[in-house]
Amino acid sequence: MPVWCLRMNAPTPSPAGGDDARFHSYQPRQGHGLPHDPFNAIVGPRPIGWISTQNAAGALNLAPYSFFNAFNYVPPIVGFASIGAKDTLANVQATGEFVWNLATRDLAETMNQTCAAVPPEVDEFTLAGLTPLASSLVAPPRVAESPVGFECRCTQILQLQGADGVQVPTWLVLGEVVAIHIDRAQLKDGIYDTASAGHILRAGGPADYFTVGPEQLFKMYRPR
Ligand SMILES: Cc1cc2nc3c(=O)[nH]c(=O)nc-3n(C[C@H](O)[C@H](O)[C@H](O)COP(=O)(O)O)c2cc1C
């Protein structure tokens, strides 16, 4: 990146009480002043919402969304953000249903293929060589190759806005998980074994991912 560009993105002075020597401080709306935006790398690694949907005519769609997380326990609610109006958003708006599929290390490259910017009529299950598996309560199928699937009914779709109250072209899609399917191989004495499932997580930059295994596990109980 040329020097002039870095200067244009130069961080504004730290607020009073800041420590300019220690911290690189900036206001995102004025630019980060770094070779790459660090936001995704800091809020990461993130679980991947690998979302299958259908349009009103029943055409299948599958795409990854790493602005994804769980937001409630009872009832379980998950959500993902469509940055721009994408096919998955349109399908949920039309049908009110989606399925979340767990992306694992052995499915990583296949998951990546399903993010291709293809027309709505292109079925990413076929594109990536994946097998649709009928859901029990919702119309969109699960990814048969994935060890975990959540069938979801949309509860809210919120268009996001900035602190200035101006809406941005991003929609947070929230859904109640109405049915859960777990490959029994992932249940060790009835406990879901996160460490052996091979979950993959999205980090920053154009290509960074992480996977988790037993070596990352540590236990810490809440104070009584
Ligand atoms: C790992 C990964 C995570 C992604 N996360 C998001 C995301 O959170 N929000 C988003 O709008 N697009 C995200 N994308 C890009 C979408 O998957 C891509 O735009 C896709 O074509 C959307 O498909 P659709 O139009 O069928 O919904 C991600 C891509 C990858 C590979």
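Modeller: Helices here are DSSP runs of H or I with at least four residues, strands are runs of E with at least two, and both are numbered from the N terminus. With that in hand we can read this structure, which is a predicted model.

Biologist: How many helices and strands does the protein come to?

Modeller: The secondary structure comes to six helices and 14 strands. The C-alpha atoms fill a box of roughly 55 × 45 × 35 Å along the principal axes, and of the 224 residues, 25% count as buried. Among contacts between residues at least 6 apart in sequence, 59% join residues at least 24 apart.

Biologist: Which residues does the domain annotation cover?

Modeller: The unreviewed UniProt entry carries the annotation "domain: Flavin reductase like" for residues 43–194. In the model, this span is 14% helix and 45% strand, and its end C-alpha atoms lie 20 Å apart.

Biologist: How should I read the sheet, and in what order do its strands stand?

Modeller: As a general idea, strands of a sheet pair through backbone hydrogen bonds, either parallel or antiparallel. In this case seven strands form an open sheet with antiparallel pairing, in the order 3-2-6-9-10-5-4. Strand 3 (60–65) and strand 4 (68–72) stand at the edges, and each has a single partner strand, so one side of each is left without a neighbour in the sheet. From one strand to the next, the twist averages 35°.

Biologist: Which strands are joined to strand 9, and by how many bridges?

Modeller: Strand 9 (residues 148–161) is joined to strand 6 (residues 97–101) by five bridges, and the two run antiparallel; within that pairing, N101 has G149 as its bridge partner. Strand 9 is also joined to strand 10 (residues 167–182), again antiparallel, by 12 bridges, and there L158 stands opposite L172. Strands 9 and 10 form a hairpin with five residues between them, and in its turn G165 has a positive phi of about 80°.

Biologist: What pairs with strand 4 at its edge of the sheet?

Modeller: Strand 4 pairs with strand 5 (residues 77–83) in the antiparallel sense over four bridges, with A70 facing its bridge partner V78 in strand 5. The loop between these two strands holds P75, and the peptide bond that joins V74 to P75 is cis, with omega about -5°.

Biologist: Where is P45 found, and what is the peptide bond from G44 to P45?

Modeller: That bond is also cis, with omega near 0°, and P45 is found in the loop between helix 2 (39–42) and strand 1 (46–47).

Biologist: Which strands does helix 3 lie across?

Modeller: Helix 3 (residues 87–95) lies across strand 2 (49–54), strand 3, strand 5, strand 6, strand 9 and strand 10, and it runs at about 50° to strand 2.

Biologist: Which residues are closest to the ligand, and how many surround it?

Modeller: The ligand is surrounded by 18 residues, of which the closest are A63, F67, K86, D87 and T88. Strand 3, strand 5 and helix 3 are the elements that give two or more residues to this shell, and the largest share, four residues, comes from strand 3. By character, the shell divides into nine nonpolar, six polar and three charged residues.

Biologist: Returning to the loops, is D189 buried or exposed?

Modeller: A residue is buried if 20 or more other C-beta atoms lie within 10 Å of its own, and exposed if 12 or fewer do. D189 has 5 other C-beta atoms within 10 Å, and is therefore exposed. D189 is found in the loop between strand 11 (187–188) and strand 12 (191–192), and its phi is near 55°, a positive value in a residue other than glycine.

Biologist: And what does D123 count as on that scale?

Modeller: D123 has 16 C-beta neighbours inside 10 Å, so it counts as partly exposed. D123 lies in the loop between helix 4 (108–113) and helix 5 (124–128), and, leaving aside its neighbours within four places in sequence, D123 is in contact with A59 and L60. D123 and A85, which are 38 residues apart in sequence, are 18 Å apart in space from C-alpha to C-alpha.

Note on methods: Residues numbered from 1 in each chain as written. Predicted model: local features only at pLDDT ≥ 70, side-chain atom pairs only at ≥ 80, totals over all residues. UniProt positions renumbered as here; feature names shortened; annotations may be inferred. Pairing = 2+ DSSP bridges. Axes fitted to C-alpha atoms, helices over the stretch in contact; angles between N-to-C directions. Contact = placed C-beta atoms within 7 Å. Near = placed C-beta within 6 Å. Nonpolar A, V, L, I, M, F, W, Y, C, P; charged D, E, K, R; others polar.
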